[in-house]
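Me: I have a model open and would like to talk through its cysteines and strands. Could you take my questions one at a time?

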Amino acid sequence: MTVSVTWWKQAAERWLAPVALLMVAGGCGGETPTATALPPVPVKPAPLPETSAPAAPPIGLTPLPSAEEVQQAAPGGRADPFGPLVGVEAADVQDPTTGLTLPGVLLVGDQKRAMLTTASGSGVVCVGSDGRCGEDVPVLLPTGWSVLSIDVERGCIRLALNDEPQEPFCMA
């Protein structure tokens, strides 16, 4: 067994020695690499001084105003846009028949809605038998009342009591 291992070792050395020599010679025979300089790092330009307004482009467009210009041009609003108006003499009118107050009407998409205040609270009602605008919304109207129509243009709502139409009730 020792003879065969030695023979394989000698054969491998005879074949691998020339291959290793070629690899070493091939790696050394090329041109030597030259040092290359890295590109210069760009210098960050100094910030430009602020100008009041950019010049209008030659195509006739006018630049939009800045955020500061818009804020200065718009007067301040109310602190609470849903709160009562201060200094307004007219108060909400209460319907003597129902005891409801109608502060407003609105159009949401194509659905007409009315804002109502009742003895049980405030909310929005829609046209229908119980006035609810959705199935998960609690009933705002007293038992027996329904909403027949909402006139957004005039600011009126028409209710029915036990399916008997009542006179329209309008905002003040």
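Me: Numbering the bonded cysteines of the chain in sequence order, what is the pairing?
Reply: Happy to help, and keep in mind that this is a predicted model. A sulfur pair counts as a disulfide within 2.5 Å, and by this rule the count comes to 2 disulfides. One joins C126 and C133, and another joins C156 and C170. Numbered in sequence order, the pairing is 1-2, 3-4.

Me: What handedness does the disulfide of C126 and C133 have?
Reply: The sulfur atoms of C126 and C133 are 1.9 Å apart. The torsion about their S-S bond is about 105 degrees, so this disulfide is right-handed.

Me: Is C126 buried or exposed, and how does C133 count?
Reply: Buried means under 20% relative accessible area, and partly exposed lies between that and 50%. C126 has a relative accessible area of 1%, so C126 is buried. C133 has 22% relative accessibility, so C133 counts as partly exposed.

Me: How many residues apart in sequence are the parts that C156 and C170 tie together?
Reply: The sulfur atoms of C156 and C170 are 1.8 Å apart, and with 100 degrees about the S-S bond this link is right-handed. C156 lies in strand β5 and C170 in strand β7, so the parts tied together are 14 residues apart in sequence.

Me: Which residue in β7 is the bridge partner of C156?
Reply: Strand β7 covers residues 169-170 and runs antiparallel to β5, with 2 bridges joining them. C156 is buried at 3% relative accessibility, while C170 is partly exposed at 26%. The disulfide joins C156 and C170, and in β7 the bridge partner of C156 is also C170.

Me: Which residue takes a positive phi in the hairpin of β4 and β5?
Reply: β4 spans residues 145-151 and β5 spans residues 156-161, and the two pair in the antiparallel sense over 6 bridges. One contact to look at is S146, whose bridge partner in β5 is A160. The hairpin has 4 residues between the strands, and the one with a positive phi, near 75 degrees, is G155.

Me: What is the phi of N162, in the turn between β5 and β6?
Reply: β6 covers residues 164-165 and pairs with β5 in the antiparallel sense over 2 bridges. There, L161 stands opposite E164 in β6. The hairpin has 2 residues between β5 and β6, and N162 in the turn has a positive phi of about 50 degrees.

Methods. Residues are numbered from 1 along each chain as its sequence is written. This is a predicted model: local features need pLDDT of at least 70, side-chain atom pairs count only at pLDDT 80 or more; totals for chains, interfaces and linings use all residues. Side-chain values use heavy atoms; hydrogens and water are left out. Two strands pair if DSSP finds at least two bridges between them. Buried means under 20% relative accessible area, exposed over 50%, partly exposed in between (1.4 Å probe, protein chains only).
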